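Here are a few exercises to work through with the model open beside you. Try each task before reading its solution.

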Amino acid sequence: MRNWSLARQMLVLQLAVVVVTLTGAVALTLIQTGELLTEEAGGRARAVAVSVANSPDVLSALGDAAPSVRLQPYAERVRTATGVDFVTIMDTRGRRYTHPNPGLIGGLFLGHIDRALRGETFTETYTGTLGPSMRAVTPVKGATGTVKALVSAGITVERIDARLREQISWAGLAGALGLGVAAGGTWLVGDRLRRQTHGLGPVELGRIHEHHDAILHAVREGLLLVAKDGTLTLCNDGARTLLGLPPDAEGRHVTDLDIADLVAPLPPALPQEPEPASGPGASDPREAALEGRVHLVGERMLVVNVASSRLGTVVTLRDRTELQALTGQLDAERGFADSLRAAAHESANRLHTVITLVELGRTEQAVAFGTAELKAAQELTDRVVGAVREPVLAALLLGKSAEAAERGAELVITPDSELDDLGLDPRQVVTIVGNLIDNAIDAAGRVEVHLHADRESFVIRVADDGPGLADTAAFTKGWTSKGDGRGLGLALVGQAVRQLGGTIEVAGSTFTVKVPL
């Protein structure tokens, strides 16, 4: 039985309860029915005996020399009419005047008559000539109240038992019918329970619940289960932390929790992955396609996957805030490496040109060509490194300069830019500067960057010769001037600035970021 499924155990238990209940109910009913039948028989016998005792014909016949002549036919008529088994009229000594068996007339009545001689009417069960019977004995009183004779009427116990057996048959039939209906209903409930529990036993169900609870609360990723009517039915600890949900979030509607846009499927106009880009904050398109869509929630960047199930909508959340910052820093290093690779390639071309000029005997032209290119590259490096003494940010600017040149744009560091080590998180600074420069390069041909810091704040100003920006929703995820709904860079800028406690001002095509120190 220990290996039975929960549905089978419930079925057996319910059947046992039904059988015990029905058996007890039938037994109790039969006991009560037996008592009622005995009480009803005693009441009928008492009524018949009292009625005969009060009959004037009986009192008149008692004065005859042979009372049985008149009383025997009368008693038989009463017995037949009332359905009792005997009506016996006797004298005060117990000698019978009447009896269903005429041969017993004149014999002594078998039973108690003392109480009746004292004027009482009583009932008792006693074994007489017809066997055990429920009988009533009552006095026949004269005009002065004296007891002239006695009357006894009764119903045999065998007849009472016969009626009880009839009731037992009907009770058994009703009990069997009730048991069948209960068994059918129990089987239906058990079958439904078996389908819902997949035939698992209590041990397996308990183990599944323990595993479910352990996994649900142990994983760092967030998990939400939203019913089809929008009610949040499940929320693990990871989701509460990532979304800042209250303890009573389960059972509330997603609109009340301000996560309706998070759990809703993407509309057709919005693709599932962010736009790939080469700047900080960009990710591999294949990675984005696998990880789902990105949502900015407060200061966190969450990767959201939404899937439909028969229970509703399943939403998984993963925190990619730190990974995104590291990706931005890595992209800065990658951009610097790309610029070095491009510079090495160009240097090889220039070196071949210089060698060829020397071989042709044009040494003066070779020297002028080589020093001019070297001077331009060195001036750019000296200007960037001299103005920006934060190595990660300097590497980013050099990389962006090379990238801008490759894309036919010009990146200019203003002469009055000067920046020492700020003590800020370089990943956040790279995210802000890198994405602003990328946005400017996409929109224009000339980009001007100004960086400086005083005792109170760090100022970043990126301007371009493009058409500018007028939409206040530019720093929300999905906004883009290209119209494809993939914008992520400016949203990352806004998130990083908020994390550093700074502000952003937009005036046409000029972006100014102020971060307190």
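**Exercise 1.** Find the residue just after H14 that takes a positive phi, and work out how covered H14 is.

*Solution.* Start just past the helix: Gly 501 takes a positive phi of about 75°. Next, step back into H14, which spans residues 489-499 (helices are DSSP runs of H or I, at least four residues, and strands are runs of E, at least two, numbered from the N terminus). Of its 11 residues, 8 are buried, where buried means under 20% relative accessible area, exposed over 50%, and partly exposed in between, with a 1.4 Å probe and protein chains only. Among them are Leu 490, Gly 494 and Val 497.

A word on the ground rules: this is a predicted model, in which local features need pLDDT of at least 70 and side-chain atom pairs count only at pLDDT 80 or more, while totals for chains, interfaces and linings use all residues. Residues are numbered from 1 along each chain as its sequence is written, and side-chain values use heavy atoms, with hydrogens and water left out.

**Exercise 2.** Trace the open sheet of 4 strands and say which strands stand at its edges.

*Solution.* First, write down the order, S1-S4-S3-S2, with antiparallel pairing (two strands pair if DSSP finds at least two bridges between them). S1 (86-90) and S2 (122-128) each have a single partner strand, so one side of each lacks a neighbour in the sheet. From one strand to the next, the twist averages 30°. Now look at S3 (residues 131-141) and S4 (residues 147-156), which are joined by 9 bridges; Arg 135 has Gly 154 as its bridge partner in S4. Finally, add helix H5 (residues 157-197), which packs on the sheet and touches S2, S3 and S4 (contact means heavy atoms within 4.5 Å). The direction of H5 makes about 35° with that of S4; axes are lines fitted to C-alpha atoms, for helices over the stretch in contact, and angles run from 0 to 180 degrees between N-to-C directions.

**Exercise 3.** Which parts does the salt bridge between Arg 159 and Asp 85 tie together?

*Solution.* Begin with the distance: the closest N and O atoms are 3.1 Å apart, and a salt bridge needs a side-chain nitrogen of Lys or Arg within 4 Å of a carboxyl oxygen of Asp or Glu. Then place the partners: Arg 159 lies in H5 and Asp 85 in the loop between H3 (67-82) and S1, so the pair links parts 74 residues apart in sequence. Last, check accessibility: Arg 159 is partly exposed at 33%, whereas Asp 85 is buried at 17%.
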